[in-house]
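This report introduces a single protein model to a reader who has not met it before. The sequence and structure come first, and a description follows.

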Amino acid sequence: MGIGKIDNYKFYDGFEGEEIEVSTTDEDMETLHIWEGYFWDIFGEPTLDGKGWLGFTRDLNQFEGAFGDNGKAIITDLQEYIDDLKIYENRKFRFEDTREVYELILSWLLEAQNNCKEIYVKVF
């Protein structure tokens, strides 16, 4: 039996600007609330190698999915988003806490991949 939904605001509280919420219907998984600046720090300067962008890199830089006009998206191909995130594994980030945010998102996506069919992303 689960403990109920937990909201993790560690990487949003105290910031101004857009909030990115990543969640699922699984009651045992926390909902992440992340300041948009961390997302830009991770995904905002993608490679321009001509191979195309995946996951959050595509969504953020092309203003698609939750980063488009609708402000929300349902993601079913979690492996695509995990693969996208792994591209930035060795990146030097601008903000001190971005590495921890990166690790949190990656571990959260891996857990979601094992427990859920889809996740929800909202931008406020």
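A salt bridge is counted here when a side-chain nitrogen of Lys or Arg is within 4 Å of a carboxyl oxygen of Asp or Glu. The model described is a predicted one, and by this rule it holds four salt bridges. Among them are the three pairs below.

| Pair | Closest N to O |
|---|---|
| Lys 10 and Glu 100 | 2.6 Å |
| Arg 58 and Glu 64 | 3.6 Å |
| Glu 80 and Arg 58 | 2.5 Å |

Glu 80 belongs to helix 3 and Arg 58 to helix 2, so this pair joins distant parts of the chain, 22 residues apart. Both of these residues are buried. Through shared partners, salt bridges link Arg 58, Asp 59, Glu 64 and Glu 80 in one network. Glu 64, in contrast to the buried pair, is partly exposed, with a relative accessible area of 31%.

The bridge between Lys 10 and Glu 100 also spans distant parts of the chain: Lys 10 is in strand 1 and Glu 100 in helix 4, 90 residues apart. Lys 10 is exposed, at 54% relative accessible area, while Glu 100 is partly exposed, at 38%.

**The sheet**

Five strands make up an open sheet of mixed pairing, in the order 1-3-2-5-4. Strand 1 (7-11) and strand 4 (72-75) are the edge strands, each pairing on one side only. From one strand to the next, the twist averages 20°. Strand 2 (residues 19-23) pairs with strand 5 (residues 119-123) in the antiparallel sense, over four bridges; Ser 23 has Tyr 120 in strand 5 as its bridge partner.

**The helices and the core**

Helix 1 (residues 36-43) lies across strands 1, 2 and 3, at about 80° to strand 3. Helix 4 (residues 98-115) lies across strand 1, strand 2, strand 3 and strand 5, and runs at about 155° to strand 1. The 18 residues of helix 4 reach 25 Å from first C-alpha to last, close to the expected 26 Å. Its buried residues include Trp 108 and Leu 109.

The buried residues of helix 3 (residues 78-86), including Tyr 81 and Asp 84, pack against helix 1, helix 2, strand 4, helix 4 and strand 5.

The largest nonpolar core has 36 residues, of which Ile 42, Phe 56, Leu 109 and Ile 119 touch the most other members. Helix 4 gives the most to this core, with eight residues. Beyond its neighbours within four places in sequence, Phe 56 is in contact with residues including Phe 39, Ile 75, Tyr 81, Leu 109 and Val 121.

Definitions and conventions
Residues numbered from 1 in each chain as written. Predicted model: local features only at pLDDT ≥ 70, side-chain atom pairs only at ≥ 80, totals over all residues. Heavy atoms only, no water. Pairing = 2+ DSSP bridges. Helix = DSSP H or I, 4+ residues; strand = E, 2+ residues; numbered from the N terminus. Axes fitted to C-alpha atoms, helices over the stretch in contact; angles between N-to-C directions. Contact = heavy atoms within 4.5 Å. Buried < 20%, exposed > 50% of the residue type's maximum accessible area, 1.4 Å probe, protein only. Core = buried A, V, L, I, M, F, W, Y, C linked by side-chain atoms within 4.5 Å. Expected span 1.5 Å × (residues − 1).
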